[in-house]
Every structure is written in C-alpha cells, then in structure tokens.
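Below are some comments for a colleague, set out as numbered points to be read beside the coordinates.

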Amino acid sequence: MGFLSIIPPFIAVALAFITRNTILSLAVACMIGVFLNGGGLLGFPDLMKESLGNEDFAWIFLLELFIGVLIAFFQRTGAIESFASIAERRKLSKRKVEVSAWFMGMFVFFSDSFSPVFVGTTMRKITDRVRISREKLSYICDSTSAPMAVIVPFTGWAVFIAGLLMGMGPIDSEVDAMAIFTKSIPFNFYAIFSILLVGLIAMGWVKDFGPMRKAEERAAKEGKVIRDGSSPLVSKELTNIKPYYEDRVLSVWVNFLLPVVVIISIAMGTYFIMGTTKTMEAFLAAIIVLGIAMRLQGIPTTDIMDTAINGIKGIMPAVMILIFAYTINTLSEQMGTAEYLIGATESWLSPSLLPALTFILASLISFSTGSSWGTYGIMIPIAVPVAIGFAGGDITTLVLATIAAVAGGGVFGDHCSPLSDTTILASTGAAVDHIDHVRTQIPYCLLVGLIGLLIYVALGFYL
C-alpha cells in the first residue's frame with residue numbers, strides 16, 4: 001500500500017512519545033490501520049481473530065500467565081522474607097556486600113519486576129550497616145534485573161521477544177523464534193556490559209564517578225545512606241499479596257530454591273538434550289511443584305487458587321501489549337510495511353547502519369514511554385522485517401544484531417527513564433528517593449550505551 005503502510009507504526013511510535021501509554025498507542029494505531037486497509041469498523045475484530053486465533057499466540061499467552069502465577073506463589077509462601085533472613089545472618093565487608101547483591105540480582109533473573117524489589121528489600125539492612133548508599137543499592141538492583149532477564153533464553157522477556165518474532169520471514173514456529181533469539185544474545189552489548197559494569201564497580205576494579213561518587217562519599221564519611229531532604233520510596237510488596245503465615249517462616253529451600261531449580265533444570269535440560277527450550281513446560285512444572293508444597297504446608301486449596309488468580313491479574317498488562325503487538329504485526333504484513341520501508345530507504349539506509357539506528361530509536365522510545373516491552377512491541381515488527389529483507393530472506397548476523405539492538409536499546413532507554421516501572425521498583429526496593437536513583441544511574445547507563453552504540457557502528461562495517 002506504499003506510503004500508507006507506514007502510517008500505523010508511525011502513529012504507534014508518535015503516540016507512545018506523546019501519551020507514554022504503549023497499550024493505547026498500539027490500539028489506536030491498529031484501529032487506524034484497519035480503516036486504511038479498507039477493513040472498516042468490523043475489520044478490527046477480524047484482524048484480531050486472525051492475529052490471535054492460532055497456536056503460536058496461545059503458547060506465549062499461557063506462558064505469560066504461568067510466570068504471573070509463579071511470582072504470586074513466591075510472595076504468598078513468604079519466600080522473600082525467608083531468603084532475607086538468611087542473608088542478614090552473614091557478616092560481610094562492604095565489597096562483599098556489593099558483590100553479593102550483584103550475584104543475587106543475576107540469580108533472580110526470571111522477573112525484572114520481582115528482582116529489584118526482592119534484592120532491595122533483602123539487602124537494604126545489610127548495605128546500610130556497611131554504609132553503602134541507597135543510590136548504589138538501587139543501581140545494583142536496576143542494572144541486574146532487566147539486563148539479566150533479556151539475555152537468559154528462558155525468561156518472560158525471551159518468550160515475549162521470541163513471540164514477536166514468530167511469523168517473520170523464515171521464522172515459522174516458537175522453536176525457530178526461540179533459537180534465533182538465543183543466537184542474538186551475544187550481540188546484546190548494552191545488557192551484557194551493564195551487568196559487567198556492576199560487577200567491576202562492586203569489586204572495586206572500576207571507581208564510582210559522577211553523582212554516585214558523591215553519594216558514596218556521603219554514606220561512607222557521614223553515615224547518611226540517603227540524602228538530607230530526600231523523599232525515599234517506602235519499600236512495599238510488589239503487589240498486595242502477603243505471606244499466608246504471619247507467625248512463622250516457611251522453608252526457603254522448598255518455596256523458592258526448589259521451583260527455581262525445577263525451571264532451570266527443565267529449561268536447560270530440554271535445550272541441551274532436545275535442541276529446544278521447553279520454557280512453558282518448565283514454568284508449569286514449577287507451579288505444580290510449588291502448589292503441592294503450599295498445600296502440604298497447610299495453605300488451603302482455595303487460597304492457592306485465589307493467589308494464582310491474583311498472579312494472572314498482575315501479568316495482564318504485558319499480555320495486552322503482546323495482543324496489540326501481534327495485531328499490528330499482522331496488519332503491517334498485510335499492508336506491506338517492510339517492503340515499502342526497504343524500497344524507500346534502500347538508497348541511503350545500508351545494512352551497516354541498521355543495528356546502530358535501531359538501537360538509538362529503541363532507546364528513545366523506551367525512554368519516552370518507560371516501557372521496554374512496549375518498545376519491543378513497536379520496534380520489532382518494524383526493524384526485524386527490514387533486516388530480513390536486507391539479508392535476502394535469511395537469518396544472518398545483520399538480523400541477529402538488529403534483534404539484539406532492539407532488545408538492548410529498550411533496556412537502555414528504560415534504565416534512563418524515571419517513568420520506567422523497573423526504575424521505580426528499584427527505588428522502592430532500596431527505599432531511596434526516586435530522582436536520586438535516576439540521577440546517579442544515568443551516567444553509568446550513558447557510558448554503557450555509548451560503548452554499545454560504537455560497537456554496533458563498528459560491527460556494521462563488517463556486515
């Protein structure tokens with residue numbers, strides 16, 4: 001449809017900047033696209049049925065629900081409190097505390113929402129004791145949550161991105177999509193270097209700089225872990241789910257470590273043995289194991305079911321983004337958006353520029369909306385088909401680098417944005433003033449982002 005084919009994705013991007021509401025932006029773009037495509041008022045439900053009424057969407061939809069249920073079970077069993085009590089019994093130096101927080105952030109890789117709250121609330125008393133600023137703790141929480149979640153091939157992030165890739169070019173199934181996402185991980189320079197920088201700073205190999213250095217000097221010399229006059233966010237549960245037993249602590253081994261081991265064992269075992277990661281089966285098995293454990297520990301069946309429902313409710317915003325992302329992806333295919341973009345830009349847009357420009361645009365969208373997943377829903381249906389077109393319909397290094405640039409750019413913008421939910425949760429978990437967290441973290445994010453961009457530019461000359 002020529003120029004008309006780029007209007008829906010352009011509207012999605014523009015509205016995302018203006019409204020900072022990704023779901024609304026995608027929904028409006030889909031509606032306008034349906035009218036431009038000649039579908040009329042009744043064309044929208046028909047488009048959604050075509051986009052969502054298939055096995056691919058059912059797979060990713062169920063998996064997202066399983067992730068929500070598992071996180072809710074963790075909170076209801078009191079696994080957070082159990083793990084915190086174990087950590088507090090150890091007497092560690094300042095450097096060992098920072099390294100411990102770094103490792104803990106990497107360990108809790110399966111949820112970017114759960115990780116910053118869990119690590120912050122678990123480590124805050126310990127970091128206060130050794131005079132580590134709350135700004136530093138929130139930085140560690142934030143920079144080991146989303147970056148870690150986006151480079152592990154069996155997390156909700158991996159599933160979400162893989163789901164968006166399905167149906168593009170030669171990517172025919174969830175197996176193909178997950179395999180391609182896994183191959184793109186080494187090119188996600190921002191996420192990898194973000195995690196690495198946290199470790200280097202925690203071990204003292206890289207010195208603090210910028211506002212973070214001043215915050216650390218204040219905590220060390222004056223014993224003030226937060227700035228005078230600041231308004232720290234009070235640490236709360238991620239949701240309203242409270243532990244079932246208030247008078248006793250349940251086993252952390254049974255209620256936390258066992259389900260995590262089940263997920264890792266099944267996901268990694270099936271990947272190495274069968275060549276495909278059975279992610280949905282891994283999370284379903286963990287839910288069943290933890291559900292049985294909850295019942296054996298005296299939690300009523302009705303309470304377990306209510307907790308599962310609350311977990312499903314909590315994951316619905318991500319599901320809504322996924323629904324509209326699938327819909328606009330199908331619409332773009334019908335209108336020939338990728339073909340038009342390739343034809344319109346082939347005179348000046350070369351494959352060598354695509355990963356770097358994709359990283360920049362994804363960063364800007366994520367910064368403006370505060371949503372990495374929303375950015376993926378907008379950018380992947382646009383950038384990846386263009387990369388596949390440049391690659392002649394094959395999955396080449398260009399395609400893998402473009403996927404990684406979208407994934408890393410979404411995290412980069414999210415880290416710099418005060419609107420980001422994970423940034424807010426990191427401030428909440430560390431009980432620090434939110435703007436203080438953003439202000440001290442941005443220089444580190446900009447450094448890593450610049451390094452990643454330069455690598456994409458250099459990589460482009462070899463593609």
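**Notes on the predicted model**

1. Helix α8, which spans residues 134–143, is mostly covered, with 10 of its 10 residues counted as buried. Please bear in mind throughout that this is a predicted model. The buried residues of α8 include charged side chains such as R134, E135, K136 and D142, and also L137, S138, Y139, I140, C141 and S143.

2. A link to another helix runs through E216, a residue that belongs to helix α13, residues 211–222. Leaving aside residues up to four places away in sequence, E216 touches K136, itself one of the buried residues of α8, together with K94, E98, I132, S133 and D208. Within this set of neighbours, the side chains of E216 and K94 are joined by a polar contact of 3.5 Å.

3. E216 counts as buried because its relative accessibility is 7%, and buried here means under 20%.

4. On the cysteines, a search of the whole structure finds 0 disulfides. For C445, the closest cysteine sulfur is that of C416, and because the two sulfur atoms are 4.5 Å apart, they are too far from each other for a bond; the cut-off for a disulfide is a pair of cysteine sulfur atoms within 2.5 Å.

5. Two cysteines can also be described by their burial. C141, in the list of buried α8 residues, has a relative accessibility of 0% and therefore counts as buried, while C445, at 2% relative accessibility, counts as buried as well.

Definitions and conventions: Residues numbered from 1 in each chain as written. Predicted model: local features only at pLDDT ≥ 70, side-chain atom pairs only at ≥ 80, totals over all residues. Heavy atoms only, no water. Buried < 20%, exposed > 50% of the residue type's maximum accessible area, 1.4 Å probe, protein only. Helix = DSSP H or I, 4+ residues; strand = E, 2+ residues; numbered from the N terminus. Polar contact = N/O pair within 3.5 Å; in protein donor to acceptor, adjacent residues only side chain to side chain. Contact = heavy atoms within 4.5 Å.
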